Amino acid sequence: MAKIKAFLFDLDGVLVSTEHNHFIAWQRCAHSLGIAFTEKENELLKGVSRVDSLRKILALGSKEIDQATFESLLVSKNEFYLESIQNLSQSNLLPGVLDLLNEAKRRGILLGVGSSSKNALFILEKLQILSYFSVVIDGNGVTDPKPHPEVFLNGAEALKVDPSECFVFEDAASGIAAAKAGGFMAVGVGNPNISSAADIYFNDLTEFRLDIYA
Ligand code: B16
Ligand code: MG
């Protein structure tokens with residue numbers, strides 16, 4: 001294995017538990033369209049861009065809507081989501097995150113974020129961890145969202161590392177697929193549904209032993 005020089009972290013579901021907030025917001029949209037939507041269907045949306053998520057919900061319900069309704073649903077989903085995370089703070093970081101970021105920094109490992117979310121910068125600021133990352137690639141900066149590897153390839157390029165020298169931490173099937181397609185080591189975290197697809201898997205980041213890998 002090449003020497004590990006960098007870590008790229010997914011945001012929702014890896015650094016912070018906002019996946020549940022996305023779920024509740026999408027569930028509200030789906031129900032407004034008369035489409036059944038549970039945690040099971042939500043699994044298909046994890047790591048998926050806002051636009052693609054709504055497309056998937058419509059496909060689940062075999063529903064067609066006009067462009068204006070589509071746009072307005074995207075706006076209301078995001079308003080509801082943002083309202084639900086308005087009190088987000090550092091206490092909402094997932095277990096092991098802060099310790100891992102600090103230890104990685106101490107060892108000189110470069111850190112970046114690769115998220116599908118267009119709210120990533122806002123959330124990282126609320127969590128007070130933005131300064132840890134040399135690069136943040138988010139949903140505003142990619143043409144092809146996950147499972148395409150662009151978000152992570154852009155991150156590696158910005159950090160000037162080869163994908164083989166970089167771990168990607170992900171909680172979603174779309175993100176694991178993106179990491180693998182880009183030639184990264186795909187580290188699955190906090191979602192048993194992806195444990196077999198990931199190269200290695202941990203229940204949370206407290207289980208990740210940095211001294212073993214870097
Ligand atoms: P937004 P990640 C993803 O973030 C979420 O997993 C996914 O549920 C969400 O739909 C997507 O961001 C877009 O988020 O609506 O905030 O732009 O897991 O890639 O960090
Ligand atoms: Mg995620």
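Below, a colleague and a modeller talk through how to read a predicted model with a bound ligand.

Colleague: Where should I start with ligand 1? Which residues come nearest?

Modeller: Start with the shell, meaning residues with a heavy atom within 4 Å of the ligand. Here there are 18 residues around ligand 1, and Asp12, Glu19, Ser115, Ser117 and Lys118 come nearest.

Colleague: And how many of the shell residues are nonpolar, polar or charged?

Modeller: Sorting a shell by class is a handy next step. This one has eight charged residues, seven polar ones and three nonpolar ones.

Colleague: Which parts of the fold supply the shell around ligand 1?

Modeller: Look at helices, then at domains. Helix H1 (19-32) gives at least two shell residues, and so does helix H3 (50-60). On the domain level, domain 1 (6-17 + 92-213) and domain 2 (19-84) each contribute at least three residues to the shell.

Colleague: How do I read polar contacts? What lies 2.7 Å from an oxygen atom of ligand 1?

Modeller: The cut-off for a polar contact is a pair of N or O atoms within 3.5 Å. At 2.7 Å from a ligand 1 oxygen you find a side-chain N or O atom of Arg50. Backbone atoms take part too: an N or O of Ser116 sits 2.8 Å from an oxygen of ligand 1, and one from Val48 is 2.9 Å from a ligand oxygen.

Colleague: Is ligand 1 covered or open, and how much of its area does the protein cover?

Modeller: Compare the ligand on its own with the ligand in place. Alone, ligand 1 has 460 Å² of accessible area, and the protein covers 99% of that. The space ligand 1 takes is also the largest cavity.

Colleague: Now the backbone. Which peptide bond is cis?

Modeller: Check omega for that. The bond from Lys146 to Pro147 is cis, with omega near 15°. Pro147 is in the loop between strand E3 (135-137) and helix H7 (150-159).

Colleague: What about phi of Ser62?

Modeller: Look at the sign. Ser62 isn't a glycine, yet its phi is positive, near 45°. Ser62 belongs to the loop between H3 and helix H4 (67-84).

Methods: Residues numbered from 1 in each chain as written. Chains lettered and ligands numbered in written order. Predicted model: local features only at pLDDT ≥ 70, side-chain atom pairs only at ≥ 80, totals over all residues. Heavy atoms only, no water. Polar contact = N/O pair within 3.5 Å; in protein donor to acceptor, adjacent residues only side chain to side chain. Areas by Shrake-Rupley, 256 points an atom, 1.4 Å probe, with all protein chains shown as cover. 1 Å grid on protein atoms, 1.4 Å probe; cavity = no way out; pocket = protein on both sides within 12 Å on 5 of 7 lines; lining within 4 Å. Sits in = over half its atoms within 2 Å of the grid points. Helix = DSSP H or I, 4+ residues; strand = E, 2+ residues; numbered from the N terminus. Nonpolar A, V, L, I, M, F, W, Y, C, P; charged D, E, K, R; others polar. Domains from an automatic or database assignment.
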